[in-house]
Amino acid sequence: MSEKHIFERDPADPKRKEINPILKLALELGPLMVFFFANSRGEWLVGRFPALAELGGPLFVATALFMAATAIALAVSWVLTRTLPIMPLVSGVVVFVFGALTLYLHSEIFIKMKPTIVNTLFGVVLLGGLAFGKSLLGYVFDSAFKLDAEGWRKLTLRWGLFFIFLAVVNEVVWRMFSTDTWVAFKVWGIMPITILFTMSQMPLIMKHSLEEPTK
(Lines give C-alpha, C1' and ligand atoms only; values in the text may rest on other atoms or scores of the structure.)
Protein backbone atom coordinates (compact mmCIF):
# COMPACT_ATOMS: atom_id res chain seq x y z
CA MET A 1 0.00 0.00 0.00
CA SER A 2 1.55 3.31 -1.07
CA GLU A 3 2.12 6.03 1.51
CA LYS A 4 -0.11 9.06 1.03
CA HIS A 5 1.32 12.58 1.33
CA ILE A 6 -0.98 15.49 2.09
CA PHE A 7 1.82 18.04 1.89
CA GLU A 8 4.24 18.42 -0.99
CA ARG A 9 7.15 15.99 -0.96
CA ASP A 10 10.77 16.86 -0.29
CA PRO A 11 12.41 18.49 -3.34
CA ALA A 12 14.80 15.54 -3.65
CA ASP A 13 11.97 12.97 -3.62
CA PRO A 14 11.68 11.41 -7.10
CA LYS A 15 7.93 10.91 -6.53
CA ARG A 16 7.36 14.65 -6.14
CA LYS A 17 4.95 15.96 -8.78
CA GLU A 18 6.07 19.12 -10.55
CA ILE A 19 3.87 22.02 -11.68
CA ASN A 20 4.79 24.17 -14.65
CA PRO A 21 6.77 27.12 -13.16
CA ILE A 22 4.55 29.67 -14.92
CA LEU A 23 1.39 28.01 -13.61
CA LYS A 24 2.93 27.79 -10.15
CA LEU A 25 3.68 31.53 -10.24
CA ALA A 26 0.13 32.27 -11.42
CA LEU A 27 -1.34 30.25 -8.55
CA GLU A 28 0.81 32.12 -6.04
CA LEU A 29 0.31 35.64 -7.43
CA GLY A 30 -3.27 35.26 -8.72
CA PRO A 31 -4.99 35.85 -5.34
CA LEU A 32 -2.88 38.97 -4.79
CA MET A 33 -3.92 40.39 -8.18
CA VAL A 34 -7.57 39.66 -7.33
CA PHE A 35 -7.10 41.57 -4.07
CA PHE A 36 -5.65 44.61 -5.85
CA PHE A 37 -8.34 44.62 -8.57
CA ALA A 38 -11.18 44.26 -6.06
CA ASN A 39 -9.86 47.08 -3.89
CA SER A 40 -9.36 49.45 -6.84
CA ARG A 41 -12.69 48.57 -8.48
CA GLY A 42 -14.72 47.90 -5.35
CA GLU A 43 -17.56 50.29 -6.21
CA TRP A 44 -17.80 48.85 -9.74
CA LEU A 45 -18.01 45.32 -8.34
CA VAL A 46 -20.72 46.32 -5.87
CA GLY A 47 -22.66 47.89 -8.72
CA ARG A 48 -22.48 44.62 -10.69
CA PHE A 49 -23.02 42.37 -7.66
CA PRO A 50 -25.15 44.24 -5.08
CA ALA A 51 -24.81 41.43 -2.54
CA LEU A 52 -21.18 42.47 -2.04
CA ALA A 53 -22.41 45.74 -0.51
CA GLU A 54 -23.14 43.80 2.68
CA LEU A 55 -19.39 43.38 3.18
CA GLY A 56 -18.71 47.10 3.44
CA GLY A 57 -16.14 49.24 1.58
CA PRO A 58 -13.73 48.19 -1.18
CA LEU A 59 -11.10 46.78 1.18
CA PHE A 60 -13.63 44.43 2.76
CA VAL A 61 -14.87 43.28 -0.66
CA ALA A 62 -11.24 42.76 -1.69
CA THR A 63 -10.57 40.78 1.48
CA ALA A 64 -13.49 38.40 0.85
CA LEU A 65 -12.45 37.83 -2.77
CA PHE A 66 -8.82 37.42 -1.69
CA MET A 67 -9.89 34.60 0.63
CA ALA A 68 -11.93 32.95 -2.14
CA ALA A 69 -9.09 33.24 -4.68
CA THR A 70 -6.62 31.78 -2.17
CA ALA A 71 -8.90 28.80 -1.56
CA ILE A 72 -9.27 28.25 -5.32
CA ALA A 73 -5.49 28.41 -5.86
CA LEU A 74 -4.90 25.80 -3.14
CA ALA A 75 -7.66 23.62 -4.59
CA VAL A 76 -6.09 23.77 -8.07
CA SER A 77 -2.71 22.80 -6.60
CA TRP A 78 -4.36 19.84 -4.89
CA VAL A 79 -6.10 18.71 -8.08
CA LEU A 80 -2.86 18.89 -10.07
CA THR A 81 -0.52 17.23 -7.58
CA ARG A 82 -2.74 15.65 -4.89
CA THR A 83 -0.60 17.51 -2.34
CA LEU A 84 -0.71 20.94 -0.74
CA PRO A 85 2.22 23.38 -1.27
CA ILE A 86 3.68 24.27 2.11
CA MET A 87 4.47 27.99 1.75
CA PRO A 88 1.20 28.97 -0.01
CA LEU A 89 -0.69 26.85 2.53
CA VAL A 90 0.87 28.72 5.46
CA SER A 91 0.09 32.04 3.76
CA GLY A 92 -3.44 30.82 3.03
CA VAL A 93 -4.11 29.91 6.65
CA VAL A 94 -3.07 33.41 7.73
CA VAL A 95 -5.23 34.91 4.96
CA PHE A 96 -8.27 32.97 6.17
CA VAL A 97 -7.74 33.80 9.85
CA PHE A 98 -6.97 37.50 9.41
CA GLY A 99 -9.47 37.87 6.59
CA ALA A 100 -12.21 36.41 8.78
CA LEU A 101 -11.26 38.76 11.62
CA THR A 102 -11.28 41.71 9.20
CA LEU A 103 -14.78 40.90 7.96
CA TYR A 104 -16.23 39.88 11.32
CA LEU A 105 -14.89 42.86 13.31
CA HIS A 106 -15.06 45.18 10.31
CA SER A 107 -11.55 46.42 11.00
CA GLU A 108 -8.89 47.02 8.35
CA ILE A 109 -6.06 46.44 10.81
CA PHE A 110 -6.12 42.65 10.59
CA ILE A 111 -5.78 42.32 6.81
CA LYS A 112 -3.09 45.04 6.83
CA MET A 113 -1.11 43.08 9.41
CA LYS A 114 -1.37 39.86 7.39
CA PRO A 115 1.78 40.50 5.27
CA THR A 116 3.70 41.33 8.45
CA ILE A 117 2.66 38.05 10.05
CA VAL A 118 3.25 35.96 6.91
CA ASN A 119 6.66 37.45 6.10
CA THR A 120 7.81 37.23 9.71
CA LEU A 121 6.63 33.63 9.85
CA PHE A 122 8.42 32.73 6.61
CA GLY A 123 11.58 34.47 7.77
CA VAL A 124 11.55 32.71 11.14
CA VAL A 125 10.79 29.33 9.52
CA LEU A 126 13.62 29.66 6.99
CA LEU A 127 16.16 30.92 9.51
CA GLY A 128 14.96 28.44 12.11
CA GLY A 129 15.24 25.60 9.60
CA LEU A 130 18.88 26.56 8.98
CA ALA A 131 19.51 26.33 12.72
CA PHE A 132 18.44 22.69 12.47
CA GLY A 133 20.40 22.07 9.29
CA LYS A 134 17.40 22.24 6.92
CA SER A 135 17.38 24.47 3.82
CA LEU A 136 13.60 24.80 3.45
CA LEU A 137 13.76 27.20 0.51
CA GLY A 138 14.17 24.18 -1.74
CA TYR A 139 10.44 23.55 -1.35
CA VAL A 140 9.73 26.88 -3.07
CA PHE A 141 12.31 27.08 -5.84
CA ASP A 142 13.17 23.45 -6.56
CA SER A 143 11.19 23.46 -9.83
CA ALA A 144 13.19 26.46 -11.05
CA PHE A 145 16.69 25.80 -9.68
CA LYS A 146 18.81 22.77 -8.86
CA LEU A 147 21.48 23.80 -6.38
CA ASP A 148 24.05 22.05 -4.22
CA ALA A 149 23.63 21.97 -0.43
CA GLU A 150 25.82 25.04 0.18
CA GLY A 151 23.89 27.03 -2.41
CA TRP A 152 20.54 26.21 -0.79
CA ARG A 153 21.92 27.17 2.64
CA LYS A 154 23.15 30.56 1.46
CA LEU A 155 20.01 31.28 -0.54
CA THR A 156 17.79 30.26 2.38
CA LEU A 157 19.67 32.60 4.72
CA ARG A 158 19.31 35.53 2.33
CA TRP A 159 15.61 34.90 1.74
CA GLY A 160 14.98 34.51 5.45
CA LEU A 161 16.48 37.94 6.11
CA PHE A 162 14.61 39.38 3.12
CA PHE A 163 11.26 38.18 4.48
CA ILE A 164 12.02 39.91 7.79
CA PHE A 165 12.80 43.07 5.83
CA LEU A 166 9.45 42.85 3.99
CA ALA A 167 7.64 42.47 7.32
CA VAL A 168 9.25 45.67 8.63
CA VAL A 169 8.45 47.56 5.41
CA ASN A 170 4.79 46.50 5.55
CA GLU A 171 4.49 47.75 9.12
CA VAL A 172 5.94 51.13 8.15
CA VAL A 173 3.72 51.58 5.08
CA TRP A 174 0.35 50.58 6.56
CA ARG A 175 0.88 52.61 9.72
CA MET A 176 2.10 55.78 7.99
CA PHE A 177 0.11 55.93 4.74
CA SER A 178 -3.48 55.60 3.48
CA THR A 179 -5.19 52.30 2.70
CA ASP A 180 -5.07 52.88 -1.06
CA THR A 181 -1.34 53.65 -0.85
CA TRP A 182 -0.79 50.48 1.18
CA VAL A 183 -2.69 48.31 -1.33
CA ALA A 184 -0.85 49.85 -4.27
CA PHE A 185 2.52 49.37 -2.56
CA LYS A 186 1.60 45.80 -1.61
CA VAL A 187 1.19 44.91 -5.30
CA TRP A 188 3.30 47.38 -7.28
CA GLY A 189 5.99 48.03 -4.68
CA ILE A 190 6.64 44.71 -3.00
CA MET A 191 6.58 42.80 -6.29
CA PRO A 192 9.32 44.86 -8.03
CA ILE A 193 11.42 44.81 -4.84
CA THR A 194 11.09 41.03 -4.70
CA ILE A 195 11.95 40.66 -8.38
CA LEU A 196 15.05 42.85 -7.97
CA PHE A 197 16.11 40.85 -4.92
CA THR A 198 15.60 37.59 -6.80
CA MET A 199 17.66 38.83 -9.75
CA SER A 200 20.43 39.91 -7.38
CA GLN A 201 20.74 36.29 -6.25
CA MET A 202 21.50 35.00 -9.76
CA PRO A 203 25.32 35.04 -9.29
CA LEU A 204 24.91 32.80 -6.24
CA ILE A 205 22.49 30.54 -8.09
CA MET A 206 24.77 30.22 -11.10
CA LYS A 207 27.76 29.45 -8.88
CA HIS A 208 26.01 26.63 -7.06
CA SER A 209 23.82 25.24 -9.86
CA LEU A 210 23.96 21.52 -10.52
CA GLU A 211 24.24 20.26 -14.05
CA GLU A 212 21.16 18.50 -15.39
CA PRO A 213 21.78 14.76 -15.76
CA THR A 214 22.26 13.64 -19.33
CA LYS A 215 19.59 11.29 -20.71
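The exercises below, each with a worked solution, concern a predicted model.

**Exercise 1.** Find which residues of the largest nonpolar core touch the most other members, and which element gives the most to this core.

*Solution.* Begin with the core itself, which holds 37 residues, and among these Phe35, Leu155, Trp159 and Trp182 touch the most other members. Next, list the elements that give two or more residues to this core, namely α1 (21–40), α3 (58–81), α4, α5 (109–131), α7 (149–176), α8 (179–200) and α9 (202–208). Of these, α7 gives the most, with nine residues. Finally, look around Phe35: when residues up to four places away in sequence are not counted, it touches Leu59, Ala62, Thr63, Phe66, Ile111, Trp182, Val183 and Lys186.

**Exercise 2.** Locate the salt bridges of the structure, and decide for each partner whether it is buried, partly exposed or exposed.

*Solution.* A search of the whole structure finds three salt bridges, and they can be taken in turn.

- Lys112 pairs with Glu108, their closest N and O atoms being 3.2 Å apart. Lys112 has 7% relative accessibility and therefore counts as buried, whereas Glu108, at 29%, is partly exposed.
- Glu150 and Lys154 meet through their side chains at 3.0 Å, N to O. Because they are four residues apart in helix α7, about one helical turn separates them. Glu150 is partly exposed at 36%, and Lys154 is partly exposed at 31%.
- Arg175 and Glu171 meet at 2.8 Å, N to O, and both lie in helix α7, four residues apart, about one turn of the helix. Arg175 counts as exposed at 54% relative accessibility, while Glu171 is buried at 18%.

**Exercise 3.** Describe where Gly56 lies and which residues it contacts.

*Solution.* Gly56 is placed in the loop between α2 (42–48) and α3. Its relative accessibility is 28%, so it counts as partly exposed. Leaving aside neighbours within four places in sequence, Gly56 is in contact with Val61 and His106. Gly42 is 14 residues from Gly56 in sequence, and their C-alpha atoms are 9.7 Å apart in space.

**Exercise 4.** Compare the helix content and the end-to-end C-alpha distance of residues 117–137 with those of residues 183–205.

*Solution.* First, note that UniProt, in an unreviewed entry, places the feature "transmembrane region" at several spans, including 117–137 and 183–205. In the model, residues 117–137 are 71% helix and 0% strand, with end C-alpha atoms 18 Å apart. Residues 183–205, in turn, are 96% helix and 0% strand, and their end C-alpha atoms lie 32 Å apart.

How values were computed: Residues numbered from 1 in each chain as written. Predicted model: local features only at pLDDT ≥ 70, side-chain atom pairs only at ≥ 80, totals over all residues. Heavy atoms only, no water. UniProt positions renumbered as here; feature names shortened; annotations may be inferred. Core = buried A, V, L, I, M, F, W, Y, C linked by side-chain atoms within 4.5 Å. Buried < 20%, exposed > 50% of the residue type's maximum accessible area, 1.4 Å probe, protein only. Contact = heavy atoms within 4.5 Å. Salt bridge = Lys/Arg side-chain N within 4 Å of Asp/Glu carboxyl O.
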